[in-house]
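I am opening my notebook to record what I looked up, one topic at a time. The structure comes first, and my entries follow.

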8 protein chains.
Amino acid sequence: LRKGFPEVIFGAGKTPEQVVGIATKILESEERVLVTRIQEEHARALRKKFKKAIHHSVARCVTLEKSPHTKRPGTIAVVCAGTSDLPVAEEAAVTAEIMGNTVDRIPDVGVAGLHRLFGRLELIQSANVIIVVAGMEGALPSVVAGMVSKPVIAVPTSVGYGASFGGLAALLGMLNSCGSGVTVVNIDNGFGAGYAASQINALVEQNMKSVV
Amino acid sequence: LRKGFPEVIFGAGKTPEQVVGIATKILESEERVLVTRIQEEHARALRKKFKKAIHHSVARCVTLEKSPHTKRPGTIAVVCAGTSDLPVAEEAAVTAEIMGNTVDRIPDVGVAGLHRLFGRLELIQSANVIIVVAGMEGALPSVVAGMVSKPVIAVPTSVGYGASFGGLAALLGMLNSCGSGVTVVNIDNGFGAGYAASQINALVEQNMKSVV
Amino acid sequence: LRKGFPEVIFGAGKTPEQVVGIATKILESEERVLVTRIQEEHARALRKKFKKAIHHSVARCVTLEKSPHTKRPGTIAVVCAGTSDLPVAEEAAVTAEIMGNTVDRIPDVGVAGLHRLFGRLELIQSANVIIVVAGMEGALPSVVAGMVSKPVIAVPTSVGYGASFGGLAALLGMLNSCGSGVTVVNIDNGFGAGYAASQINALVEQNMKSVV
Amino acid sequence: LRKGFPEVIFGAGKTPEQVVGIATKILESEERVLVTRIQEEHARALRKKFKKAIHHSVARCVTLEKSPHTKRPGTIAVVCAGTSDLPVAEEAAVTAEIMGNTVDRIPDVGVAGLHRLFGRLELIQSANVIIVVAGMEGALPSVVAGMVSKPVIAVPTSVGYGASFGGLAALLGMLNSCGSGVTVVNIDNGFGAGYAASQINALVEQNMKSVV
Amino acid sequence: LRKGFPEVIFGAGKTPEQVVGIATKILESEERVLVTRIQEEHARALRKKFKKAIHHSVARCVTLEKSPHTKRPGTIAVVCAGTSDLPVAEEAAVTAEIMGNTVDRIPDVGVAGLHRLFGRLELIQSANVIIVVAGMEGALPSVVAGMVSKPVIAVPTSVGYGASFGGLAALLGMLNSCGSGVTVVNIDNGFGAGYAASQINALVEQNMKSVV
Amino acid sequence: LRKGFPEVIFGAGKTPEQVVGIATKILESEERVLVTRIQEEHARALRKKFKKAIHHSVARCVTLEKSPHTKRPGTIAVVCAGTSDLPVAEEAAVTAEIMGNTVDRIPDVGVAGLHRLFGRLELIQSANVIIVVAGMEGALPSVVAGMVSKPVIAVPTSVGYGASFGGLAALLGMLNSCGSGVTVVNIDNGFGAGYAASQINALVEQNMKSVV
Amino acid sequence: LRKGFPEVIFGAGKTPEQVVGIATKILESEERVLVTRIQEEHARALRKKFKKAIHHSVARCVTLEKSPHTKRPGTIAVVCAGTSDLPVAEEAAVTAEIMGNTVDRIPDVGVAGLHRLFGRLELIQSANVIIVVAGMEGALPSVVAGMVSKPVIAVPTSVGYGASFGGLAALLGMLNSCGSGVTVVNIDNGFGAGYAASQINALVEQNMKSVV
Amino acid sequence: LRKGFPEVIFGAGKTPEQVVGIATKILESEERVLVTRIQEEHARALRKKFKKAIHHSVARCVTLEKSPHTKRPGTIAVVCAGTSDLPVAEEAAVTAEIMGNTVDRIPDVGVAGLHRLFGRLELIQSANVIIVVAGMEGALPSVVAGMVSKPVIAVPTSVGYGASFGGLAALLGMLNSCGSGVTVVNIDNGFGAGYAASQINALVEQNMKSVV
Ligand SMILES: Nc1ncnc2c1ncn2[C@@H]1O[C@H](COP(=O)(O)O)[C@@H](O)[C@H]1O
Ligand SMILES: Nc1ncnc2c1ncn2[C@@H]1O[C@H](COP(=O)(O)O)[C@@H](O)[C@H]1O
Ligand SMILES: Nc1ncnc2c1ncn2[C@@H]1O[C@H](COP(=O)(O)O)[C@@H](O)[C@H]1O
Ligand SMILES: Nc1ncnc2c1ncn2[C@@H]1O[C@H](COP(=O)(O)O)[C@@H](O)[C@H]1O
Ligand SMILES: [Mg+2]
Ligand SMILES: [Mg+2]
Ligand SMILES: [Mg+2]
Ligand SMILES: [Mg+2]
Ligand SMILES: [Mg+2]
Ligand SMILES: [Mg+2]
Ligand SMILES: [Mg+2]
Ligand SMILES: [Mg+2]
């Protein structure tokens, strides 16, 4: 049913052995696999077993591809405010990439310094889908959505303290901004955002092919 | 910035006179306007002033179009479980339609009777985007997303009582299903879902044109 | 202790008779009184009794001044996104005015259309204190605070529906933006914001006098 | 009062010594004892002291039976979506078994892949009671309840992250699905589900005997 | 799938005409129908159309049976503390009755006066299933479950004020008492409790028949 | 102002050195000091420095008395359900004792086994004040208050898991039982309950003296 | 069990006829009855039936006494900040009075103007028990408790708006102040506070008698 | 845009190497830098690299200044109740100091012992801005605001347990006290309070200069 998309292993709560075992099993029949939410030791175990395993350490992911994927046309932009949100933003980017998309990373644009955002506007506007990752008050997606007419997927992060309540403040902020076409995924769910963005970009490609 | 999309008036908390006034002003420069969250009296006032006003009573919307929109290719499916969710589902459908999309309504498919959902599967799978509207436990988007590979936009509704907490249960359920590519809008936000779905469908069209 | 500041009557939950009674009593010894959160009937009763009573209907306030206040130097800017937030913004403005301040109203600048905000930037930057009123996701104070170096007081409003949870989303958003010098008052508390802004502006005046 | 049911020790927060002590005391007068929520070290201490102690490591339980229980007629099905929910599902299964029931485990059926569920439908429908264990959005009990006419006991688990809020999302989802005869126990309370299911199965047996 | 069980119409939010229409449609093929959460006017409209309609006014229900149901063996006890919980308790009782069960009502037994509960103990213990309805702190199911070995279904009600938070206090209390075999339905969900209790009692009957 | 009551040190978050330092300072002018929420190492440090220090290990307290207190007439009963609630119950008991009261401990009486509670009823009824400590659903105070006419102080504990939400369920349960004269303190606040109970018992003594 | 205390009817949600009926029944065997949470029409119906009925309109209560109660020695102080909290404060006072206590009302002392509180300090300190009623941030009980050594019962009220969340802010504030011997009842539960205060005062009286 | 204010590094979640790296980079162009939320090891690394680094250990901050700042006129008072709130109070004080302000610390004044607060009143009243830091019930800002006419910035802390819910009780208390001109920052956000207070004090200075 999820044809064309790689199999995914959610690494959190699994031992390195379990993860290697599942990956081995999947690769018997599949071309590629994505492992998310892993720690150093899982990465080491996977790389020991699979020569081609790549550890994306900020993203806390490992990807395994027997052969490189052909990239589909169009880009996905992954926008975030700062270093704390990077793990989630990178999880989104790595997910989108292994699903066959070209990703543009715009990592240092917060609402408190809009000039930096304006400096990257052309790149953002040229994307087919924009993923916006933000913690704290989660205001960035509203601002970005006001400047583009493409689908915006907002990812709240658990970055913050006190009244951020583990990402709740950012989540609520993003849900209340949906009027302008923003849709939202779970707190810290970079994977889900990358997956949904890829589905949209794949849809575009599919329809383009149908025309030709 | 929102070129091609109609202007929208959020009717809740505005008097009929205010709504007529804003609509008149918009129509000086625009081809069409959508008024959401209105009551009978707003509809009457708008239809008295504008001959072409159409009252979508279940959707609690009025649309005003100087001339009919050309529909873009591809369909948007609007799926919901039952009569209580219809106002939100219709708000999504009317929004998508006035934004130039063809909408397929699949209104009576709940998780408690999956055979009805299976009976409409082909229609759902043929859409470019699927909007799934559900109250109570909000399980429908998870089930639908498992059966299609297209983008699914989930709309929780405030339908329910007790521990539904005004739509919170459905919202949380949908956010926790994002792994399979579901994205979520605010509780009862049919407008936002229709708007986001239209953005995706417009993106597809735009890219198809670029090919030709 | 609150010398120089007018007495204030919180009208909600009081009858017109009670409000008139309390106002009469206060005016025996005071120069001016502010009545907040009133309805049409309270305004009528107050204006019947007091010739000089002024009804600020959007603000849901009545002010009563025996003689006009001398305005202190410096301005307070009251910024908000749209018509729904106006009652709270006006409550803040009326409060600041009766406390002897000059107020600049900037009522139509939302994060979804930043060009409108940029068009008013000079006026905002020239103020001593900026009150920013916003409902929904409450992102406006973060954006404004990033563009000025003056104290910003954020007022979340209960405007919204669904996951706005009566203003909670806006409140949390604003609290999580405090890093850049934003401070926050209670949901819909235009009065509190106007009062705090006036305290700051009065402090400035007081120190200027001490220099001269 | 709980005649026929074994004594149960809730191991969490107790030392191995305390658990062994309580178990020893109970076994002076009882035939069997169930210890739940224990760690490796408790299991080791119990097995050192009691030859017949069995450690159910996934379930985090130890059972102690002087002599084997006769199984009553009828089965209890324990259904769950994946590996993360297994500890709770196994706690339910082990509880039901030591209370004298035959248990059918159906461990790998999630709402995202309904075909797997359909493949096990006959086994599920043949049970007297069905326990459904699910984390994340907790949609599985609604789907299962729609396919059987037997009592369904739903167990939300704390599996998930972000807006799962420690199992709250699954709990609310399940409570809002009760229309179709689903009843719910506390988050992660596999024991409670197994106990309640056993009470129902025991009731059936008791009435069958009364007929014969 | 729900063979033997009557069709049910959830009346809340439907007009009398809608309810009469749906009921008419159902009765074309079914023997009986239950309408819940209705007001006086719905009852009047139904009784005008259907001679045999019975209005259970405390339960806010109407039942429609072409011919009387044969009652299955065994009883269901419906226990509650006082007059405020009666509508929910009666909804449970009426639901259980139209599904073919004999119901014993024990309406005036609260935890603050345990002697009244003890006076009805024999009746409660003789039931096959016990439904316990309670608002406020929801302590009654814990106490009842301690005195019987039969399945107990707890129904929290929204009766109370302040920190009862619309039934949340009772709901949480009941979920935390599940250790002793209590299962819980949604706040005010008398229907769900009656339905689940009937499923259990029907299971008992079914197995008794299989023996004979 | 707190004459007759000992000084109290809240040990949580303080180092052993800090605690010893503060205690030394207090004992320069006071007869006795109570240290709560400490760990083994604090106790060791205090006992090394002060010969008369007594470590109440279950209560996580140390008491220091230069000379024994004369006990006032009347008793305070401390009632709880089981071993998990003991630390909080003991904190209440130790607090009440060092404040000059005689305490009766009734540690093993839960609502699931009311016969044990009835067996201790006379002792409970003979007390001047009853402290009831309970976690999970917090039903015990309601039951106890129904059987005595003395002031009942309820202490919710954080014992439990899942929907106990760190003691919230017990807290809400107890607050909703206040009709019968129950008052409530913070979650796990054994100290506050002991202190309040002592204030009541001291009031009684004081008035008795005034009569004589 | 509640000897000496009057019977109480909770009027909310009951019709005037129901209330008169219950009161009539109680007065067959009792000397006095208290009816709380009633509206004008209930008061009228009660006074029509019972000559001696007294309507306490601010307290929303009616009291019915065949003959006047002898007052026990000692006073109960009822302290609150302002007019909005009066209904709850009066409910507490009326409850304490009909239970045989002398009540001192101190109605206009808030934390924002401590001089007014200091002016009444002697009266407050002379009471046996102090009930402190407060909405908004609920800070008053902490301040009062710091100035007296008598038992303080805190009553949070639902007075406020926005982040007062129906009294939750006041409730949490009061629970977190318990260190100094404050105990708390449910939001708006003036009755419960009056009842508990009376139990304490009755305890004092009872012990004084035992001495003489 | 933030001219005159030092650059700030939020140390939480960064390694010592990262912090040293960022600080080095900032100091290439800036006169001073503030590092907040660091641990011992970050302080050591910073002091090893920078001779002039000062470790404020209670505040969990390091400051780095190439040359001392000239202090602007006027003081900022930082008021708190006790030792547990000190880290947050010190973070506020250190922030205000490095931003060029003179700070008066008033560290030991709680609402339970108002005499200590009164003893420091003159010092508090002489400040231009008052920062009040409080955990638990957060009542202190209300009391302080009632005694001064200067801007009060309230900082709730996460100090407490049980129903303090990580600072939520204090936060809500402070938001509900805003009527008297109190504004609020995020839980534990000493930095934000110091920053906002400095903005106000800088505003005063700026206007004084404009006069001269
Ligand atoms: N980082 C992630 N966040 C959310 N869901 C994920 C993530 N990684 C994987 N998943 C989902 O988890 C499934 C695999 O779970 P598992 O079988 O437990 O490894 C995948 O099919 C995805 O739908
Ligand atoms: N039903 C709706 N739900 C959410 N947002 C809406 C809805 N209808 C309109 N909007 C948004 O509200 C804006 C208009 O608001 P207003 O200027 O108050 O009429 C539109 O541009 C939309 O972004
Ligand atoms: N205002 C009140 N708030 C809380 N509980 C009350 C109140 N008035 C009466 N009660 C309680 O409600 C019981 C009577 O309830 P009812 O039988 O429904 O009239 C009394 O015994 C009291 O325990
Ligand atoms: N203790 C603190 N609490 C809240 N915000 C802070 C704190 N310290 C620094 N910040 C903010 O965090 C920003 C720096 O974040 P970063 O770039 O991650 O080091 C600063 O500009 C401040 O606005
Ligand atoms: Mg946009
Ligand atoms: Mg899919
Ligand atoms: Mg700024
Ligand atoms: Mg079923
Ligand atoms: Mg039982
Ligand atoms: Mg009692
Ligand atoms: Mg005191
Ligand atoms: Mg002040």
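Before my first entry I note that contact means heavy atoms within 4.5 Å, and that the model I am reading is a predicted one.

**Entry on two helices of chain E.** I looked up where helix 3 of chain E touches helix 8 of chain E, and I found that E:V88, E:E91, E:A92, E:T95 and E:A96 of helix 3 meet E:G190, E:F191, E:G194 and E:Y195 of helix 8. Sorted by class, this contact has 5 nonpolar, 3 polar and 1 charged residues. I then noted that helix 3 (residues 86-98) and helix 8 (residues 190-211) of chain E pack at an angle of about 35°, their axes being 7 Å apart, and that the crossing is right-handed.

**Entry on helix 8 in chains A and B.** At what angle do helix 8 of chain A and helix 8 of chain B pack? I read an angle of about 40°, with the axes 9 Å apart, for these two helices, each of which spans residues 190-211. Helix 8 of chain A and helix 8 of chain B are therefore oblique to each other, and their crossing is right-handed. The contact is made by A:I200, A:L203, A:V204, A:N207, A:M208 and A:V211 on the chain A side, and by B:I200, B:L203, B:V204, B:N207, B:M208 and B:V211 on the chain B side. I counted by class as well, and this contact has 10 nonpolar, 2 polar and no charged residues.

**Entry on chains without contact.** I also looked up two pairs of chains that no contact joins: chain A and chain E, whose closest C-alpha atoms lie 21 Å apart, and chain D and chain H, for which that distance is 15 Å.

**Entry on the magnesium ion.** Which residues coordinate the magnesium ion (ligand 10)? I found F:A145 (O) and F:V148 (O), at 2.0 to 2.3 Å. Because buried means under 20% relative accessible area, F:A145 counts as buried at 8%, and F:V148 is buried at 5%.

**Entry on positive phi values.** Most residues other than glycine have a negative phi, so I wrote down two that do not. B:D188, in the loop between strand 9 (182-184) and helix 8 of chain B, has a phi near 70°, and at 15% relative accessibility B:D188 counts as buried. C:F165 has a positive phi of about 45° and is found in the loop between strand 8 (152-156) and helix 7 (168-175) of chain C. With a relative accessible area of 29%, C:F165 is partly exposed.

How values were computed: Residues are numbered from 1 along each chain as its sequence is written. Chains are lettered from A and ligands numbered from 1 in the order in which they are written. This is a predicted model: local features need pLDDT of at least 70, side-chain atom pairs count only at pLDDT 80 or more; totals for chains, interfaces and linings use all residues. Side-chain values use heavy atoms; hydrogens and water are left out. Axes are lines fitted to C-alpha atoms, for helices over the stretch in contact, and angles run from 0 to 180 degrees between N-to-C directions. Helices (H or I, at least four residues) and strands (E, at least two) are DSSP runs, numbered from the N terminus. Angles under 35 degrees count as roughly parallel, over 145 as roughly antiparallel, 65 to 115 as roughly perpendicular and the rest as oblique. A crossing is left-handed if the near helix is turned anticlockwise from the far one by less than a right angle, and right-handed if clockwise. Ala, Val, Leu, Ile, Met, Phe, Trp, Tyr, Cys and Pro count as nonpolar, Asp, Glu, Lys and Arg as charged, and the others, Gly among them, as polar. Donors are N, O and S atoms within 2.8 Å of the metal (3.2 Å for Na, K and Ca); water is not among the atoms, so sites may look incomplete. Buried means under 20% relative accessible area, exposed over 50%, partly exposed in between (1.4 Å probe, protein chains only).
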